[in-house]
Amino acid sequence: MIPARDDATGASVDDLPTNPDVVIIGAGAAGMAAGRTLRKAGLSCVIVEAADRVGGRAHTESDSFGVPVDHGCSWVSGSDKNRFAKVARKKGFTLIDHTNAGIDLFDLDGNRASETEWAAYLRAVRETERAPTKAGKKGKDVPASTVIKDMPYCATVQSWMGAMDYGVDFDQVSTMEFWDSADDQPSAFVAEGLGAVVATQARGLPIKLGTTVTTVDWSGKGVRVETSRGTLAAKACLVTVSTGVLNANKIRFVPDLPDWKRQAAADIPMGLLVKVPMLFDGARLGLGENNWVTYRIPEDSAGEACYFIAWPCGHDYLFGNIGGRFGWALSREGPDAVVDYALTQLVRIVGSDARKHFIKGFATDWAENPLTLGAYGAVRPGADGARDILAEPLADRVFFAGEAMGGARSALVNGAYNSGKAAAKKIAKTLR
């Protein structure tokens with residue numbers, strides 16, 4: 001049963017239109033942005049969400065550790081131009097600048113990096129950023145790994161920039177994608193959680209939680225959206241699900257999606273970033289608050305690491321980051337194995353005191369979550385333009401939005417929001 005009032009949105013279920021102008025599938029940042037934009041344009045809508053909460057891959061909870069923990073997106077990236085920075089300030093959230101955060105760097109033996117090691121690391125950072133950027137600027141759409149020179153700390157830097165930034169390894173990162181991406185600085189944390197900020201955008205919107213969409217029928221004049229709670233008829237539909245869900249055919253389309261649309265989705269497979277929050281008893285283990293924690297790995301092992309953010313916003317936990325192929329493989333071993341690996345890597349650099357002060361930890365479930373089937377989309381090398389193609393509407397009544405179509409800010413929550421807003425404006429113009 002749907003409750004009489006949805007606590008997540010503040011909307012009365014009795015007020016939800018059964019035959020709206022637009023059905024929006026997904027109450028993540030894109031879906032909520034679209035809902036707000038459509039209502040401003042004077043159009044009615046219903047947002048149907050399969051989960052029991054809003055926000056999608058922006059999710060903050062406090063049950064695990066007693067303090068806010070972001071399971072998904074954590075950074076307000078490009079905070080000088082990010083909508084959620086403005087929302088956070090307006091609504092009284094606490095922004096913690098993370099633009100020039102400190103780095104705790106360790107060498108292969110787990111010792112603090114020497115001046116020589118630091119010089120090698122910084123050179124690898126410069127070269128690993130410069131080479132794919134230069135290639136993309138020239139219009140080359142090739143795997144980023146093919147333009148990188150071998151050098152000390154190259155694998156270490158590729159692990160951050162590939163597996164942990166894009167969710168895929170550097171041989172799966174397109175140089176065009178690298179070039180097209182907007183600068184993510186300045187950046188900030190939200191002490192109360194970025195997911196909590198995103199969730200504020202649901203207020204007043206007509207959202208049906210716990211409602212799974214099974215079919216989108218666009219064979220007629222309008223659309224009919226079949227859900228686990230009945231069928232909705234509308235003039236148009238906006239699909240904001242992940243490319244993981246699209247590629248797994250979790251939603252049936254009638255008629256089926258055309259080949260060019262299927263190919264665009266296939267060209268943006270889901271990458272994976274597993275976050276591993278770990279709670280400690282207050283001991284800081286010699287790591288600086290809000291610091292990046294990085295250690296050198298063998299040059300033939302790019303991506304096989306767990307790098308950390310220490311004590312974000314002063315909380316007594318740090319979180320590990322594991323991504324790419326290694327993240328997928330480790331996730332298949334189960335959450336306990338993921339946490340054990342992360343703790344083992346931490347012990348490697350700070351010593352056995354880490355185990356003494358460790359209380360508990362967990363691993364995020366984006367790899368197995370049937371509503372995402374990954375963390376965020378990464379365009380395959382050679383498939384430049386797939387994001388724009390995926391965003392193209394079908395017959396002026398089935399539209400698409402989400403982080404995979406966020407332009408220069410794809411894979412980011414503000415990119416998803418911008419995508420939903422742009423799609424809603426296109427829908428409003430079309431329906432008029």
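The exercises below work through strand pairing, backbone geometry and charged side chains in a predicted model.

Residues are numbered from 1 along each chain as its sequence is written, and side-chain values use heavy atoms, with hydrogens and water left out. Because the model is predicted, local features need pLDDT of at least 70 and side-chain atom pairs count only at pLDDT 80 or more, while totals for chains, interfaces and linings use all residues.

**Exercise 1. Work out the strand order of the open sheet that contains strand 12, and find its edges.**

Step 1. Fix the terms: strands (E, at least two residues) and helices (H or I, at least four) are DSSP runs numbered from the N terminus. Two strands pair if DSSP finds at least two bridges between them.

Step 2. Start with strand 11 (residues 223-227) and strand 12 (residues 230-234), which are antiparallel and joined by five bridges. They form a hairpin with two residues between them, and T227 has G230 in strand 12 as its bridge partner.

Step 3. Extend to strand 10 (residues 213-217), which pairs with strand 11 over four bridges in the antiparallel sense. Here V213 is the bridge partner of T227.

Step 4. The full order is 12-11-10-14, an open sheet of four strands with mixed pairing. Strand 12 and strand 14 (252-254) each have a single partner strand, so they stand at the edges and one side of each lacks a neighbour in the sheet. The twist from one strand to the next averages 15°, where axes are lines fitted to C-alpha atoms, for helices over the stretch in contact, and angles run from 0 to 180 degrees between N-to-C directions.

**Exercise 2. Trace the pairings of W292 in strand 17.**

Step 1. Strand 17 (residues 292-295) runs parallel to strand 7 (residues 103-106), with four bridges. In this pairing I103 stands opposite W292.

Step 2. Strand 17 is also joined to strand 18 (residues 307-309) by two bridges, in the antiparallel sense. The partner of W292 in strand 18 is I309.

**Exercise 3. Locate two cis peptide bonds and a residue with positive phi.**

Step 1. The bond from Q185 to P186 is cis, with omega near -5°. P186 sits in the loop between helix 5 (175-180) and strand 8 (187-190).

Step 2. The bond from V254 to P255 is cis, with omega near -5°. P255 is in the loop between strand 14 and helix 8 (259-266).

Step 3. N249, which is not a glycine, has a positive phi near 55°. This residue lies in the loop between helix 7 (243-247) and strand 14.

**Exercise 4. Count the salt bridges and place the pair formed by D169.**

Step 1. Apply the criterion: a side-chain nitrogen of Lys or Arg within 4 Å of a carboxyl oxygen of Asp or Glu. The count comes to twelve salt bridges.

Step 2. D169 pairs with R325, the closest N and O atoms being 3.4 Å apart. D169 is in the loop between helix 4 (154-164) and helix 5, and R325 is in helix 9 (residues 324-331), so the pair is 156 residues apart and links distant parts of the chain.
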